[in-house]
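This briefing is for a reader who has not seen the structure before. Please look over the sequence and the model, then read the points below.

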Protein chains: 2
Amino acid sequence: MAQALFLETHRQTLEAATRANRDRGFWTPYVEAPSRKAYGETAAEDGEAAFKAHLNGLFEIPGHPAAGGPLGKEESPFGLALGVTYPSTSPAALIDAAQAAMPAWAAATPDVRATTCLEILERLNKRSFEIGHAVMHTTGQAFMMAFQAGGPHAQDRGLEAVAMAHEIQSQTPASALWEKPQGKADPLRLEKTFRIIPRGVSLMIGCSTFPCWNGYPGLFASLATGNPVIVKPHPGAILPLAITVRVAREVLTEAGFDPNLILLAVDEPGAETTKALVTDPAIRIIDYTGSGTFGQWVRGHAMTPLVFTEEAGINPVVITGTDDLKGLCRNLAFSLALYSGQMCTAPQNIFLPREDIATDQGSKSADEIAEAIAVALDKLLGDPERAAGVCGAIQSPATLTRIADAAKLGAVLRPSIPIAGMDGARSATPLLVTVAAADEAAYLTERFGPIAFIIVCDSVEDALDRAVRSTAAKGAITALVHGTDPAVLTQAEDAFATTGTALSLNLTGGVFVNQSAAFSDYHVSGANPSGNACLTDAAYVASRFRVAMNRRPASAA
Amino acid sequence: MAQALFLETHRQTLEAATRANRDRGFWTPYVEAPSRKAYGETAAEDGEAAFKAHLNGLFEIPGHPAAGGPLGKEESPFGLALGVTYPSTSPAALIDAAQAAMPAWAAATPDVRATTCLEILERLNKRSFEIGHAVMHTTGQAFMMAFQAGGPHAQDRGLEAVAMAHEIQSQTPASALWEKPQGKADPLRLEKTFRIIPRGVSLMIGCSTFPCWNGYPGLFASLATGNPVIVKPHPGAILPLAITVRVAREVLTEAGFDPNLILLAVDEPGAETTKALVTDPAIRIIDYTGSGTFGQWVRGHAMTPLVFTEEAGINPVVITGTDDLKGLCRNLAFSLALYSGQMCTAPQNIFLPREDIATDQGSKSADEIAEAIAVALDKLLGDPERAAGVCGAIQSPATLTRIADAAKLGAVLRPSIPIAGMDGARSATPLLVTVAAADEAAYLTERFGPIAFIIVCDSVEDALDRAVRSTAAKGAITALVHGTDPAVLTQAEDAFATTGTALSLNLTGGVFVNQSAAFSDYHVSGANPSGNACLTDAAYVASRFRVAMNRRPASAA
C-alpha cells in the first residue's frame with residue numbers, strides 16, 4: 001500500500017529535516033546543481049522536452065473540477081508566448097470539492113500526511129528541470145536560478161514546513177492515561193485520546209517572481225496539518241504551480257486520498273478571482289505573497305483571521321567600513337544584479353557616512369565607495385552572456401516604468417540598460433541613483449526591480465539610524481551591514497533585531513544578502529511590515545490545526 | 001543573584017512540566033488540598049488574616065504608576081463589602097510604563113524568563129489561602145473551590161503555559177554554524193545567531209468567575225515570551241489579580257527587572273477602560289475571557305490580530321444509555337450544582353431519546369431519567385451546609401434574573417431556590433426545565449448560571465445530532481455522552497471531534513465534565529465559537545514572539 005511505502009521511504013528524511021530545523025546548520029536532501037549525476041543522464045533534455053510539451057495546449061489535470069472554459073495567458077519575459085491553458089471553475093465549486101476531500105485526510109495520522117507530502121516533494125524534485133523551465137519562462141529568472149529557486153530550494157522550503165508541521169502536531173500524543181492519586185483510595189483513572197483537527201480549506205495565493213519558493217511553505221504547511229489547499233497562482237506564473245498541483249494529486253491518489261485535496265484556481269489578468277476566494281467564509285487559512293498594497297487588502301478583507309503574508313519591504317545596506325573593499329563591491333554588485341533585483345531580499349537603499357570610511361584600501365568617502373560599486377556592477381555585467389545569466393529577464397513591464405521613473409529621482413551614478421543579445425526579452429541591469437538623505441520620498445518607497453539608491457549620511461550613527469528606522473516604518477526582510485568596528489556591528493545587531501530584520505554582516509565572498517537557506521535562515525520575521533509570518537517557525541504551522549480530545553473512565557489497572 | 005537562584009531552583013520543575021505537557025498524564029507540583037501539611041501549620045489562619053488585612057483600605061503596589069485616584073468597588077457575593085481600592089492611572093501611562101520595562105526582559109534568555117515566572121508561581125502558591133479568600137469573595141465560589149481554582153489549579157495552568165512557551169522558544173538555538181560544501185573548494189561558512197523578540201505590550205482581560213484560572217495562562221504565556229503584561233481585571237474580581245500582580249512585581253524586582261513588566265489596570269462598573277486599551281495600537285497581544293458579546297467586540301475592534309479568547313458556549317449532555325444510572329445521576333447532579341453552574345464547562349442542555357434508554361435498572365424513558373437527575377440534585381443539595389459548599393454564591397445579580405426568565409421557558413422539573421442559611425449571600429440551586437426539542441430559541445441560547453434544560457428527542461440519532469449541531473453553531477467547551485453501545489460512543493467521538501468539543505464519556509464517578517486538568521486536558525479547542533484559542537497548545541504561545549537572526553562569515557575552521 002502506498003501510504004505504508006511512503007512512510008517507510010521518507011521517515012528518515014523527515015527526522016533529518018526535523019533535526020535540521022532545530023540545529024539550523026546547512027542541510028538539504030535535494031541537490032541544487034542541475035547535474036546529470038544527481039538527476040540522471042537525460043534529465044536536462046527530458047525536462048526541457050516536458051516543458052515544451054506543455055506549450056500551446058491544455059494542461060490537463062485528471063479529475064479536476066472544470067466547469068468553466070480553459071483559461072491562461074502567460075507570456076514569457078524572454079519573449080515566448082506560452083499558449084498554455086488550464087481547467088477552470090468557480091471558487092464555490094473549488095471550495096465544495098476541497099471540503100468533500102477533507103475528512104479522510106484529516107483522519108490520517110500526522111506521520112502519513114507528512115510522508116505523503118515528502119513523496120510529493122521527491123517527485124517534484126525529479127521534475128526540477130521541467131519546473132525550472134516553467135519558472136524561467138514565467139518569472140524571467142535565468143535558467144540556473146529558475147532551476148534552483150523553483151526546484152531544490154523551493155522543495156527545501158516545502159520540506160522545512162512539513163517537518164515543522166509534523167513536529168508541532170507530534171507534541172500531542174494520540175492517547176494518554178491520566179491517573180490522579182486519591183490518598184489511600186484507588187486513583188482516579190481516565191483514558192484520553194487526542195486527535196488533530198484541521199481548520200478547513202486553505203488558500204495559497206502565489207506571486208509572479210517566486211511561485212514555488214514562496215508558495216510551497218504555505219501549501220505544504222496547510223496540507224501537512226490536514227487542510228485541503230486551493231492554489232491560486234499569479235496569472236503570470238501559473239505553469240510551475242500547475243505542475244506542482246498535478247504531481248501532488250497523483251501522489252494523493254496513489255495514497256488513497258481524494259486528489260481534490262489540492263486544487264488549481266486559474267484566472268487571467270484583468271479577471272482575477274482572488275478577491276472572491278479571500279472573502280469566502282469557507283476559506284479558513286490564507287497564505288499570500290505579493291505586494292503590500294494587495295496584502296493589506298487581503299488582511300483587511302479576509303473572513304478568516306488566519307492570514308500569513310509575505311508582503312514587501314525596503315532592504316537597506318549600511319557601509320561603515322570593510323577590510324575587503326573589493327570583495328564588498330563584488331558581493332554587493334551581484335546582490336543588486338541577481339534576477340535584476342526582483343527579489344524580496346534584494347537591497348534597495350545603500351546608506352554610507354559621507355567621509356572616513358575605513359577600508360583595506362585606506363579611508364574612503366561615500367562617493368568613492370559608490371563609484372566602486374558602480375564599477376563592480378559594470379565589471380560583473382560587462383559580458384552580455386554572463387549578464388543574462390545573472391540578471392535574467394524582467395517579469396513585469398511595470399518594472400521598466402519604475403526604473404525610468406526612479407532615474408529621475410536623483411543623480412544617476414549608473415544607468416539601467418537592456419542586456420545585449422537578449423532579443424525579444426525584457427531586460428534591465430541595475431540602476432544606481434544618488435539621492436539626498438533628506439529625500440525620504442524618493443528612497444522610502446519600495447521600488448521593486450533593479451533600482452538602488454546611494455544615500456550619503458552625516459555619520460555612521462546617522463546611516464545606521466536611517467536604515468533601522470526605515471525597516472521599522474516600511475518593513476525590510478534583509479539588511480546588510482559592513483563594518484570593522486565591533487561596537488558598530490553589535491549596535492547594528494541589536495537595532496535590526498528589534499525590527500526583526502534578518503541581518504547579514506560583512507558579506508564579501510560567495511554568500512549574498514538575498515539568499516535565504518531553508519532549515520537555517522528564517523525568511524521574514526513577521527515583526528515588521530514586510531510580512532506577518534515567518535518561513536518557517538512554529539507560529540507558521542501551529543494554528544493551522546486544533547486538537548480535539550475525549551476522555552472516559554479507564555478500565556481498572 | 002536572584003536570576004541564577006531561580007534558574008537553579010526551578011529548572012527541574014520546568015523540565016517536568018514540559019514533559020507533562022507532552023505526556024498529558026496527571027502531573028502537578030502544587031498541592032490541591034488546603035492542607036496544613038503542604039502549606040504550613042498556620043497557613044489557613046495566616047491566609048485568612050492576610051485577606052482581611054486588605055479590606056477597607058488601599059491596596060498598595062510599590063512603584064506602580066498611579067496618576068489617578070484609587071478605584072475599586074468590589075462586593076462579595078456572600079454579602080461582604082470589600083472596601084478595597086487600588087492605584088489607578090490612564091491606559092496611556094500604563095502602556096508607556098510597560099514599554100519602558102520591556103527591553104531588559106526581552107533580552108533575557110527564555111530560561112531566565114521561565115524560571116522567573118516559576119518563582120512567581122511558587123510564591124503565589126504559598127499565598128493560596130489568601131488568594132482563595134479573595135477569589136471566594138469576588139466570584140462567589142465556596143472556599144474549597146476558590147482555594148483550588150484560584151490557587152493550585154490556576155498555578156498549574158500558569159505553569160503549563162510557561163512550560164509550553166519555554167519549549168517553543170527553545171526550539172530555536174541561540175546560535176548555529178552553517179557550513180555548505182563547495183565540492184573541492186572550501187565550504188561556505190556562516191556564524192548565525194538567533195534571538196527571541198517579543199511582540200510588545202500584552203493585555204489580559206480577566207473574567208469575574210475565574211480571574212486566576214482563566215487569567216494566568218495568557219498572563220504567563222506573554223510574560224514568558226518577553227512581553228510586558230497589563231492585567232485588566234473584571235471590576236467585580238480585582239483582588240485576586242491585584243495580589244498576583246504585586247507578587248509578580250516583587251519577584252521581577254528581585255531578579256533585577258523593571259516591575260512595570262506587569263501592571264494593573266483597575267476600573268469600576270460603568271466606567272470601564274477596557275475598550276480604550278483594546279483599541280490602542282500599542283497593545284500587541286490580547287487575552288480575553290468573558291462573554292461572547294464582548295468577545296466579538298474585542299475581536300472586531302482590537303488593533304492587533306493577536307487576540308486569544310475564551311468566550312461562551314452551550315455545553316451539551318447526551319444520555320443514550322448507562323450501566324450505572326445512579327452514578328450517572330449523582331455525577332451529573334454535581335456537575336450542574338458545582339459553583340451553581342457558573343462555569344464555562346458546566347452543562348446546560350441534556351438531550352435524551354424519548355424511550356428505550358438502556359440502563360442497569362432496565363429500560364427507561366427520558367422522563368424517568370430526568371426525574372432521577374432531579375432527585376439526585378435534591379439529594380446532593382438537601383443538606384444546606386453541603387449545598388453551600390457545592391454551590392457557593394451567585395457572582396452577578398443578572399444571573400438571578402436569568403434563572404427567573406428561564407423558568408418561564410418550559411415545564412419546571414426542579415425549581416431553583418436560595419440555599420438556606422446563606423444569609424446576606426446571593427444563592428441559587430440548579431433550575432431544571434423541560435423544553436421541546438423544537439424550541440431551539442429556548443435552549444440554543446447560552447444561559448449562564450444554574451440553568452439546565454431537558455430536551456426530549458426522537459431518537460439517539462436525533463439527540464446526538466442536535467447536540468453536535470449546537471456545538472458547531474453556538475460553540476461548546478465540553479460535552480458529556482453516556483452510552484453503552486460502542487458504535488454510539490464512536491459516533492459521538494467522531495462528531496464532537498469535528499467541532500473541537502472536549503468530550504467526556506460515561507462519567508459516573510469522581511471526575512466531572514466541568515473539570516479540566518492542566519497538562520492533560522486541553523481547555524477550549526479554538527475550533528468552535530466558544531473561543532479562538534486553547535489552553536495551552538503550541539498555537540497559544542508560538543505567535544507571542546518572533547525570531548530575529550543575523551549571520552556573518554565564520555572565521556576559518
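The points that follow cover domains, symmetry and the nonpolar core.

The model is predicted. Chain A falls into two domains, and a turn of 180 degrees lays chain A on chain B.

**Domains of chain A**
- Domain 1 of chain A is made of the segments 2-8, 58-173, 199-311 and 533-547.
- Domain 2 of chain A is the single stretch 315-505.
- Taken over C-alpha atoms, the centres of domain 1 and domain 2 of chain A lie 33 Å apart.
- Where the two meet, 13 residues of domain 1 of chain A are in contact with 14 residues of domain 2 of chain A.
- On the domain 1 side of that contact in chain A, 7 residues are polar, 5 are nonpolar and 1 is charged.

**Symmetry of chains A and B**
- Chain A superposes on chain B with an RMSD of 0.0 Å, after a turn of 180 degrees and a shift of 0.0 Å along the axis.
- The two copies are therefore related as by a two-fold rotation axis.
- A:A539 is the residue of chain A that comes closest to the rotation axis, with its C-alpha at 3.2 Å.
- Both copies use the same surface, since 100% of the contact residues of chain A recur in chain B.

**Nonpolar core**
- The largest nonpolar core holds 381 residues.
- The members that touch the most other members of this core are A:V231, A:I286, B:V231 and B:I286.
- Leaving out residues up to four places away in sequence, B:I286 touches B:L203, B:I205, B:V278, B:V298, B:A302, B:T304, B:L306, B:V307 and B:F308.

How values were computed:
Residues are numbered from 1 along each chain as its sequence is written. Chains are lettered from A and ligands numbered from 1 in the order in which they are written. This is a predicted model: local features need pLDDT of at least 70, side-chain atom pairs count only at pLDDT 80 or more; totals for chains, interfaces and linings use all residues. Domain bounds come from an automatic or database domain assignment. Two residues are in contact if their C-beta atoms, placed from the backbone, lie within 7 Å. Ala, Val, Leu, Ile, Met, Phe, Trp, Tyr, Cys and Pro count as nonpolar, Asp, Glu, Lys and Arg as charged, and the others, Gly among them, as polar. Copies are superposed by least squares on the C-alpha atoms of residues with pLDDT of at least 70 in both. A nonpolar core is a set of buried Ala, Val, Leu, Ile, Met, Phe, Trp, Tyr and Cys residues joined through C-beta atoms within 7 Å. A residue is buried if 20 or more other C-beta atoms lie within 10 Å of its own, exposed if 12 or fewer, and partly exposed in between; C-beta atoms are placed from the backbone.
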